[in-house]
Amino acid sequence: MAGDHLTSRGNFTSLTGDEIRTTFLNFFAEHGHKILPSASLVPDDPTVLLTIAGMLPFKPVFLGHQKRPAPRVTTSQKCIRTNDIENVGSTARHHTFFEMLGNFSFGDYFKEEAIKWAWQLSTEVFGLAPENLVISVFREDDETEKIWKEIIGVHPQRIIRMDEEDNFWSSGSTGPCGPCSELYYDFKPELGFDTIDLEDDSRFIEFYNLVFMQYNRDSAGTLTELDNCNIDTGMGLERMAQILQAVPNNYETDLIYPLIEKAASLAGVQYQDLTEKEKSSFKVIGDHSRAIVHLISDGVTASNLGRGYVLRRLLRRVIRHGCLIGITKPFLADLGELAIQLMQSCYPQLKDRREVVISELVREEERFLETLERGEKLLSELLENKPKEIAGEQAFLLYDTYGFPLELTEEIAQENGLKVDVKGFEKAMQKQRKRAQAASTTVDLTIQDTIDSLSRNIGSTNFQGYSSLEEKCNVQAIVLNGQSVQQAQAGDEIKVILETTPFYGEGGGQIGDVGTLLMDDESFVEINDVHRINNTFVHSGIVRKGILEVNTNVECRVDNISRQKAQANHTATHLLQSALKQVVDSSISQAGSLVSFDRLRFDFYSPRPISLDELHEIENLVNIWISQAYSLKVQQMKIEDAKAIGALAMFGEKYGDIVRVVNVPGVSIELCGGTHVSNTAELGVFKIVNESGIAAGVRRIEALAGPCVLDYLKDRDLIVKTLSERFKVQSHEIVDRVFALQEELKSVNKTLVKAQKEVASAKTSALIEQAMAIGSSQYIISRIDGINGDGMQSAAKDLVAQLGNNSAVILAGVPNPDKEERIIIIVALGSQIVGLGLHAGKFISQLANICGGGGGGRPDFAQAGGKDSRALKSMLEYAESELQLLLNQ
């Protein structure tokens, strides 16, 4: 193992992971670097799912889109990668979650300083022996090799030239780029120079990468020197911990091993006694536990999309591997608590968001355990048939019905020597997406092919609706009953494609415009909806009068009042999201939205409900922004420039190279193609009408803005006036009056309950005289109507208490004979009767069945209900005959 080959370790002493991190940051702080905190795992860049590298937060700086935070900075950046998740636990150093220690120069120092400091930190500060270090350089980078040889003094045979694939970094096909130089630790230096193969993981581990951004690559592939060169470096904390702590792999460092030990304790095993294969599951649990805690802390909520899917996949892998190693009870919360303790000193937000993290872990574990057993049973049944592979439809059933990620099915199949038909799975998934899209957009699938064909021939519609609500437009196509036609007449329900349109097509959560197409002064088409298919705007409507023909011009008129309502609600949605981030949690992210003419709906990820006080604060904040009359700024710009100024994107949306940015200065800035007011004052007022949960971890706020609020207030005013008239009070007295009525009702109910108990007591006293005796046993079987369940229970218990332990009481009746036929049955038995073998719960089940009901209870007391009061007499007769039979025996 790697740790067994540290034959020339140098003078380093074992450091904890926290000490390594602190040492790195302090070293570069002493060399003029500004220490910055880690950025979120949820990047600002909408084209990237998660933060996958230490340099990602600085990408806009390297690309020249943002000002540098300082000439020199250093960070410990949390990262997540899941592209090689199957290797986690199987290799010595693959992880989903890892920390990248980095030092960066933005046009300040360059190669020589970066190399000198990397060597000094590695050999003098961390104490790595020079003979254990091997350097890689880009094959054409003579300058870097010269620095390593002549200034640092590295033996030439320990400097390895590598190709562009390994040692040349670029941000894309064009833009900043440059060569890399990497530092490797050699666990077996005694093998000498002749056998150096940096691909040999058993001997070498790359722990420090230096990127020299010195070129700009143009579209022709030509490299030119940058005016200001940059440095981007990354040292893997887990890898350095493995080296300095002299352990065989990254998992057994103090960064992860406590989590492994915790899992072993929960499973009741000793980790070190296990085989390497058995240890694999523990490594997966240790690695993934850190990832899920940080993802939840950064605002990711488990779902079936995007980042939420990554989180759910990791969570479910942990749970399944926990089951594999023998953990028999829920355990995610225990691991979450430990993971937070291990990392909160460096990431204090973990402690601040502990409650959110733990509640999400508990909720997801409960959910998955409910379906895991059924899903595994189905998969086991499939495997028992010894198929050649798991069919795509079967894998999709597991995913769609039982919450099994495809990767989990593949993992289980692989353990059984099988493969999964991934293409078949994707085909089934695509079918479902089409069904979902059809359901959500209400596009008739029978005309889909016709529309697709027309849109390919016609091309994209020229939308003019941002600046105009009336336009002369040419009719390009008409679809009637799923077929392309040349004309349509009065009464026809049609789809119309125009060359240019002022009508907004549904998108970004905003519904399509309504209005009219005028053929002449009298003839017109009423447009009731507009959708987009392949960037073609499809206008749905009814020809109300006249004839509409292809290749004729029409006057398009968007309904101005409806548009005003929609754009007011859309701008309010942007303000609402900003207020949520400010009041509740800055990590809140959008899960969906609806902007219609009469309301807005905003769905967002949150592990808890929003309190009433928070809702009031959010509403007040939005209304303050409205009253401050911010003028909106709408611009078209490159997506890189939009990201550089902090524009918020909806994750999962696809954006082109040029995007539309809607900016409420100082309040909100988002990528958005919807229509908006020109000034927040146009909204007038904003009102939240409801907040609710719609799925695990997803909340919904429904609200109104602009003219819609007036209609809402009119309805509420009518309700208030009606209540005022009914209660004969002023509007401000309604609440007090309702409270008073509630108190009066409570008092009346107490009086009623007392009266019912008195009635029951009186009837109970009368029943004592009806007690029948068989030997030393006594019993009462009687019908008593007009007493509720509580009263009848009390009566039965009192009677048994008076008659003694050798007694049985069976009562039945209709609580409210004037209004219903529902019956209540009570069986109460003394201890001696129970001793004879009569079980009240089982006996009452037989009785209730006679009356069309059911129930049960304890051996000595049970209650049941029935539906058929007409069967009461026969039921009581049966009860008496059975009881007499038992007592006579």
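**Close-up 1. Gly 482 sits in the loop between strand 13 (470-480) and strand 14 (483-485).** This is a predicted model, and that goes for each view below. Despite being in a loop, Gly 482 is buried, because its relative accessible area is 6% and the cut-off for buried is under 20%. For a sense of scale, pick out Ala 267 as well: Gly 482 and Ala 267 are 215 residues apart in sequence, and their C-alpha atoms lie 62 Å apart in space.

**Close-up 2. Strand 24 (residues 600-605) pairs with strand 23 and with strand 29.** Start with strand 23 (residues 590-595), which runs antiparallel to strand 24 and is joined to it by 5 bridges. A hairpin of 4 residues takes the chain from strand 23 to strand 24. Val 595 has Leu 600 of strand 24 as its bridge partner. Now look at strand 29 (residues 698-705): it is also antiparallel to strand 24, with 6 bridges between them. Leu 600 turns up again here, this time with Ala 703 of strand 29 as its bridge partner. How many of the 6 residues of strand 24 are buried? The count is 5, so strand 24 is largely enclosed by the rest of the structure.

**Close-up 3. Strand 9 (residues 223-236) pairs with strand 3 and with strand 8.** Strand 3 (residues 97-106) runs antiparallel to strand 9, and 5 bridges hold the pairing. To find your place, look for Met 100, which stands opposite Gly 236 of strand 9. Strand 8 (residues 204-217) is antiparallel to strand 9 too, this time with 9 bridges. A handy marker for that pairing is Asn 209, whose bridge partner in strand 9 is Gly 234.

**Close-up 4. Asn 249 is a loop residue between helix 6 (237-244) and helix 7 (257-267).** Buried or exposed? Asn 249 is buried, since its relative accessible area of 6% falls under the 20% cut-off. Follow the side chain of Asn 249 and you reach the backbone nitrogen of Tyr 251, at 3.0 Å. Set aside the neighbours within four places in sequence, and Asn 249 is in contact with Ala 92, Gln 242 and Lys 283.

**Close-up 5. Asn 551 and Lys 728 are two loop residues with positive phi values.** Most residues other than glycine have a negative phi, so a positive one is worth a look. Asn 551 has a phi near 65° and lies in the loop between strand 21 (547-549) and strand 22 (553-558). With a relative accessible area of 57%, Asn 551 is over the 50% cut-off and therefore counts as exposed. For Lys 728, phi is near 60°. Where does Lys 728 lie? You'll find Lys 728 in the loop between helix 20 (707-727) and helix 21. Lys 728 counts as exposed as well, because its relative accessibility is 72%.

**Close-up 6. Val 735, Val 738 and Phe 739 make a nonpolar patch on the surface.** Together, Val 735, Val 738 and Phe 739 give a patch of about 260 Å². Val 735 belongs to helix 21 (residues 734-768).

Key: Residues numbered from 1 in each chain as written. Predicted model: local features only at pLDDT ≥ 70, side-chain atom pairs only at ≥ 80, totals over all residues. Heavy atoms only, no water. Pairing = 2+ DSSP bridges. Helix = DSSP H or I, 4+ residues; strand = E, 2+ residues; numbered from the N terminus. Patch = residues over 30% accessible without salt bridge, like charges linked within 9 Å, V, L, I, M, F, W, Y side chains within 5 Å. Areas by Shrake-Rupley, 256 points an atom, 1.4 Å probe, with all protein chains shown as cover. Salt bridge = Lys/Arg side-chain N within 4 Å of Asp/Glu carboxyl O. Buried < 20%, exposed > 50% of the residue type's maximum accessible area, 1.4 Å probe, protein only. Polar contact = N/O pair within 3.5 Å; in protein donor to acceptor, adjacent residues only side chain to side chain. Contact = heavy atoms within 4.5 Å.
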